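Trainee: Got a minute to go through this model with me? I want to start with the inside and then look at a pocket.

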Amino acid sequence: MNMQSDFPVAPPPGCPAHGSGKRVPLHGPEFTADPGAYYAYMRSYGPTAPVELSPGVEATLVTDYSAALQLLQNPDTFRKDSRRWRDYNEGKVSRDNPVVPLLEYRPNCMFTDGAEHMRLRQAVTDSLARVDTHRLSRHVERVADYLMDQFISRGSADLLNDYAKLLPLFVFNELFGCPAEIGDRVIFGISGMFDGINAEKANEVLGQSIAELVALKRKQPGDDVTSWLMEHHAQLNDGEMVHQLVLLLGAGAEPQRNLIANALLLLLSDERYAGAGLLVEDALDDVLWNSPPMANYAPHYPVTDVDFAGTRLRAGDLVLISIAAANSDPALSASRQQLSKRAHLAWSAGPHACPAKDTAQLIGVVAIEKLLNKLPDIELAVPESSLTWRPGPFNRGLTALPARFTPIRTDKQPVTQQQIPTGDHRTHTQNKQEKGGLWSSFLSWWRA
């Protein structure tokens, strides 16, 4: 094994792996507090390391940049269809394990291979290509104005929960043509799934609301991504429509919130961005390289037993890419300045590379520029060292981002007592006029 001098000789504090034969845990407060130390330690194993995603869920994590590219660009050997996951099929991983919802099979373009993947992905990419960037920018600006009007008179805000978390959800509701009564439940479903708050119910509500959106657009198509997907020559049926939309809404909102929040943290804390002529685009690229919103993901499964990067993998083993570790691979240190800004793996690579990266970049730029232009003296309200991060093996996202600024008066009053529906469709229908959710509140604010 080719060891480098900067590898730690012992695991990070709290890591039970060293000398015990145990896998390196990607869960628990120690990993959440300092994942970089874990990645540095895992490099002592070589290009891949044995990890535990949550208690009882074993995987192999690729930490080497070159090995990651090799895997992502080799669909003949490594497949995405998680029905190949051997430990799950053998009952070693239970369905109620908290990491399973992001790993289990769904018939969408993320978890399919070959011709079926190409058919579904083409429908998605063609539909997203129809999004008018000027219209999208205007809508991001409207949503940003609405969200800022809820807090600018206070002189303080949690830029994660008051802004970065909500903005993508509102923007995607518009892109996908969600009316108020459906959009409120979409927001509830996505937020609950990723925040772990009543996640089972949230998943149910999200599926039901998207199914209602599909039924609505079959009858009343509009100028939106949902309708464009339906019109595509791939001829997606209702089930396929639901699964593509759940993927696009869920997988879009979660990384987008982390991208915006992580970039805002960088802009407010790093002296390089204080009057140095660096742009918001530079901050986003910095985050995508050094604090990617999805730190460890891109699950794959070898088709047969195979030797890969010095490790023997069995058919059906769960293999993930550590985007964060690969991007910070010491082998890249001498050449990172010469690498393309898009050479990072935050958008993945190969046939399953993110189809919405340009849309995500645009939303991030407009959202951040709008906030900084409106609140030019904004600053962190707490020391950077006191900020905490959400637990879990996949994401790199803050729990909160408190900030302060000079209060600004606004003509439009903040929306008070906003409520998100519980998911009971009958109760929601009866009370929607008096208990409008977040999306309803935005539409009412905008029309006022």
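Mentor: What follows covers the nonpolar cores, one helix and one pocket.
Mentor: This is a predicted model, so local features need pLDDT of at least 70 and side-chain atom pairs count only at pLDDT 80 or more, while totals for chains, interfaces and linings use all residues. Residues are numbered from 1 along each chain as its sequence is written, and side-chain values use heavy atoms, with hydrogens and water left out.

Trainee: How many residues are in the largest nonpolar core?
Mentor: The count is 103. A nonpolar core is a set of buried Ala, Val, Leu, Ile, Met, Phe, Trp, Tyr and Cys residues joined through side-chain atoms within 4.5 Å; buried means under 20% relative accessible area (1.4 Å probe, protein chains only). Among those with the most contacts inside this core are F151, Y163 and L371.

Trainee: What does Y163 touch?
Mentor: Leaving out residues up to four places away in sequence, Y163 touches A144, L147, M148, F151, D158, A367, K370 and L371. Contact is heavy atoms within 4.5 Å.

Trainee: Switching to α13: which of its residues are buried?
Mentor: They are V280, A283, L284, D285, D286, V287, L288 and W289, eight of 11. They pack against α12, α14 (323-327) and α15 (357-374). Helices here are DSSP runs (H or I, at least four residues), numbered from the N terminus.

Trainee: And the second largest pocket, which residues lie nearest its centre?
Mentor: P35, N290, S291, W389 and R396, out of 23 lining residues. A pocket is an open set of points on a 1 Å grid over the protein atoms alone, where a 1.4 Å probe fits, with protein on both sides within 12 Å along at least five of seven lines; lining residues have an atom within 4 Å of a point.

Note on methods. Buried means under 20% relative accessible area, exposed over 50%, partly exposed in between (1.4 Å probe, protein chains only). Helices (H or I, at least four residues) and strands (E, at least two) are DSSP runs, numbered from the N terminus.
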